[in-house]
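Me: Please take a close look at one part of this model, the side-chain packing, and follow it outward into the elements around it. I would like one connected account, with the cut-offs stated as you go.

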Amino acid sequence: MKKLDESARDVFIIAVTPFTDNGEIDYASVDRMVEFYLERGVVGMTILGMMGEAQKLSDTESAAFAKYFIERVAGRVPVVVGVSHAGTDNLVRLSKTAMDAGANGVMIAPAAGLKTDIQLRDYFAALFKRLGPDIPVCFQDYPLGTGVNISVPAFLQMVDEHPSLVMFKHEDWPGLRKLQQVRRGCDGTARRRISILTGNGGLYLPQELHRGADGAMTGFAYPEMLVQVCEMFFAGRADEAEDMFDSYLPLVRHEQQIGVGLAIRKEILRRRGAIASAAVRAPGPRLDRDDIVELEALMQRLERKLAAATKRSPGMAA
């Protein structure tokens, strides 16, 4: 399979890292989860992102998980590996391990503590030099999680200087204007076009597509919604895409609660049969009885809405 490049589009799901109730990596659930995602039409998968609890894995665990996951996917779709790390040596080592195992590219967020555009450009220039020209890179722009902001001019300069920078993962919040500025700056005319995939749990997906995104790279527990919204939008059926999105919006919003959102996502995936346990590795939140009752009501409400929509139009089936 070819390496990640500027043509990437549609849905690259952000995969959770399944754990047993005792906090060990649950490789049997990895098998189930990969098939779950593929059955719902994703065209790529991204592992060891921030919502994949990468920061809670040891370097040895990260390498083993990446190798296992890539082998399980077996080339059916591209796999991007999150390699962000406070230590440059660790980041480079995991990048090369992942690519040797068959990854199609890596995702890197800026290291915490970078305060200026000059610091950001220097940091990534050093990384690109260490990684070499053959490792495709997705730049993860997630100021809410990293505390690091990059300006559009600084990012565009990085695109000009580093041909292996092929994707921008947009997760600024709010950031629709920034997304649009990056797209206009990388439109194939002003400079080379790059792929733009969006995160934020899918919370703003229709608007992001209107602003020039090529698809989503996020982990909402109903990936078929992300897939169908993108398919409809790119087929010129934007209004239908918005209607589909609106059906899921209460759960999209509910899953994006700061602090507890990952526990909610994992519980939904457990209930849908993708993983065996909803455990979040410590330190991490656990849902209480009221949380579960609330989530059950939202999921049942969604099922009723989808059933009603299917009766009206079979094409709306999830």
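Reply: Leaving aside its neighbours within four places in sequence, phenylalanine 155 is in contact with Phe139, Ile150, Leu165, Phe168, Val182 and Ile194, where contact means heavy atoms within 4.5 Å. This is a predicted model, in which local features need pLDDT of at least 70 and side-chain atom pairs count only at pLDDT 80 or more, whereas totals for chains, interfaces and linings use all residues. Residues are numbered from 1 along each chain as its sequence is written, and side-chain values use heavy atoms, with hydrogens and water left out.

Phe155 is also one of the residues with the most contacts inside the largest nonpolar core, which has 98 residues; Tyr37, Met45, Phe69 and Val81 are named with it. A nonpolar core is here a set of buried Ala, Val, Leu, Ile, Met, Phe, Trp, Tyr and Cys residues joined through side-chain atoms within 4.5 Å; buried stands for under 20% relative accessible area, exposed for over 50%, and partly exposed for values in between, with a 1.4 Å probe and protein chains only. Apart from this core lies another, of 11 residues, among them Leu4, Ile14, Met107 and Val166. In soluble globular proteins, nonpolar side chains tend to be buried together.

Tyr37 leads from the core to helix H1, where it is buried along with Ser29, Val30, Asp31, Met33, Val34, Phe36 and Leu38. Helices (H or I, at least four residues) and strands (E, at least two) are DSSP runs, numbered from the N terminus. H1 covers residues 27–39, and its 13 residues reach 19 Å from the first C-alpha to the last, close to the 18 Å expected at 1.5 Å a residue; that expected span is 1.5 Å times one less than the number of residues. The buried residues of H1 pack against two strands, S1 (10–14) and S2 (44–47), and against the helices H2 (59–73), H9 (223–234) and H11 (261–271). At the N-terminal end, aspartate 26 caps H1 through a side-chain oxygen that lies 3.3 Å from the backbone nitrogen of alanine 28. Such a polar contact is a pair of N or O atoms within 3.5 Å; within protein, one must be able to donate a hydrogen and the other to accept it, and residues adjacent in sequence count only if both atoms are side-chain atoms. Just after H1, glycine 41 takes a positive phi of about 90 degrees.

Strand S1, against which H1 packs, is mostly covered, with 4 of its 5 residues buried. Aspartate 10, which is placed in S1, is partly exposed, because its relative accessible area is 23%. Not counting residues up to four places away in sequence, aspartate 10 touches Val43, Leu197, Asp214, Gly215, Ala216, Cys230 and Phe234. Glycine 215 is also the bridge partner of aspartate 10 in S8, and S1 and S8 (residues 215–216) pair in the parallel sense over 2 bridges; two strands pair if DSSP finds at least two bridges between them. S1 pairs with S2 as well, in the parallel sense and over 3 bridges, with isoleucine 14 standing opposite threonine 46 in S2. The chain crosses from S1 through H1 to S2, and this β-α-β crossover is right-handed, that is, with the strands pointing away from the viewer, the path from the first strand over the helix to the second runs clockwise.

These pairings belong to a barrel into which 8 strands close in the order S1-S2-S3-S4-S5-S6-S7-S8, with parallel pairing. Farther along that order, S3 (residues 79–82) and S4 (residues 105–108) pair in the parallel sense over 3 bridges, and valine 80 stands opposite glycine 105 in S4.

The loop between S4 and helix H4 (117–131) holds glycine 113, which counts as partly exposed because its relative accessibility is 47%. Glycine 113 touches Gln119 and Val148, not counting residues up to four places away in sequence. Val148 appears again with threonine 146 of helix H5 (residues 143–146): the backbone nitrogen of valine 148 lies 3.1 Å from a polar atom of the side chain of threonine 146. Threonine 146 is buried, since its relative accessible area is 14%, and, leaving aside neighbours within four places in sequence, it is in contact with Met50, Ala109, Pro110 and Ala112.
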